[in-house]
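Let's take a friendly walk through a structure, with an eye on its cysteine links and one arginine.

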Amino acid sequence: QGWPVESGGGSVQAGGSLRLSCALTDAPISKHCMGWFRQTPGNEREGVATIFWPSDTTYYADSVKGRFTTSQDDFGRMVYLQMNNLKPEDSGTYYCAAALGRGCPSGGGQYGDFEHWGQGTQVTVAS
C-alpha cells in the first residue's frame with residue numbers, strides 16, 4: 001500500500017517544537033478522517049488529534065490542546081501536526097492513520113476506528 005507515511009520526528013528540549021508530516025500519496029481521495037496517535041512502550045496507542053477532509057474539522061486530546069495543531073493541504077494529500085511547547089511526557093512514537101470514506105470518530109477514536117496506519121516516527125523530548 002505504501003501510505004500513509006509519517007516524517008518529521010526527532011529530539012528536542014522541553015519547550016521546543018516539532019512538525020510532523022503525513023503523506024497520503026496514491027491514496028484514493030474522498031472524505032476521510034486523519035488521526036494522530038502516540039504510543040510509549042507498555043502503553044496503549046493514545047489518540048492525540050484528528051482532522052476531517054475536506055471540512056478541516058479538528059479534535060484535540062486535552063493533554064495537547066493549545067500546544068498542538070493539526071492541518072492539511074487543500075487536496076487531502078498532506079496532513080501536519082505542529083507540536084509546540086513540547087514536554088517530556090509528549091515523547092513516544094507518533095503515528096498517523098486514515099479512516100476513508102467517513103467522518104472522524106468522537107473523542108479522537110481508537111485504534112480500530114482507523115484502517116490505514118503509517119510506520120510511525122519517534123519524538124523524544126528531553127527535560
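The report below deals with the disulfides and then with R67.

## Disulfide pairing

This is a predicted model, and 2 disulfides are counted in it. With the bonded cysteines numbered in sequence order, the pairing reads 1-3, 2-4.

## The C22–C96 link

C22 and C96 are joined with their sulfur atoms 2.1 Å apart, and the link is right-handed, with 70 degrees about the S-S bond. C22 belongs to strand β3 (residues 18-23) and C96 to strand β9 (residues 92-100), so this disulfide ties together parts that are 74 residues apart in sequence.

Are these two cysteines buried or exposed? C22 is buried, with a relative accessible area of 0%, and C96 is buried as well, at 1%.

## The C33–C104 link

The sulfur atoms of C33 and C104 also lie 2.1 Å apart in a disulfide. This link is right-handed too, with 105 degrees about the S-S bond. It connects distant parts of the chain, 71 residues apart: C33 sits in strand β4 (residues 32-39), while C104 is in the loop between β9 and β10 (116-117).

C33 is buried at 0% relative accessible area, whereas C104 counts as partly exposed because its relative accessibility is 28%.

## R67 and its surroundings

R67 is found in the loop between β6 (58-60) and β7 (68-72). Its relative accessibility is 9%, so R67 counts as buried.

What does the side chain of R67 reach? It comes to 2.8 Å from the backbone oxygen of S63. Leaving aside residues up to four places away in sequence, R67 touches Q82, M83, N84, N85, L86, K87 and D90.

Technical notes:
Residues are numbered from 1 along each chain as its sequence is written. This is a predicted model: local features need pLDDT of at least 70, side-chain atom pairs count only at pLDDT 80 or more; totals for chains, interfaces and linings use all residues. Side-chain values use heavy atoms; hydrogens and water are left out. Helices (H or I, at least four residues) and strands (E, at least two) are DSSP runs, numbered from the N terminus. Buried means under 20% relative accessible area, exposed over 50%, partly exposed in between (1.4 Å probe, protein chains only). A polar contact is a pair of N or O atoms within 3.5 Å; within protein, one must be able to donate a hydrogen and the other to accept it, and residues adjacent in sequence count only if both atoms are side-chain atoms. Contact means heavy atoms within 4.5 Å. A disulfide is a pair of cysteine sulfur atoms within 2.5 Å.
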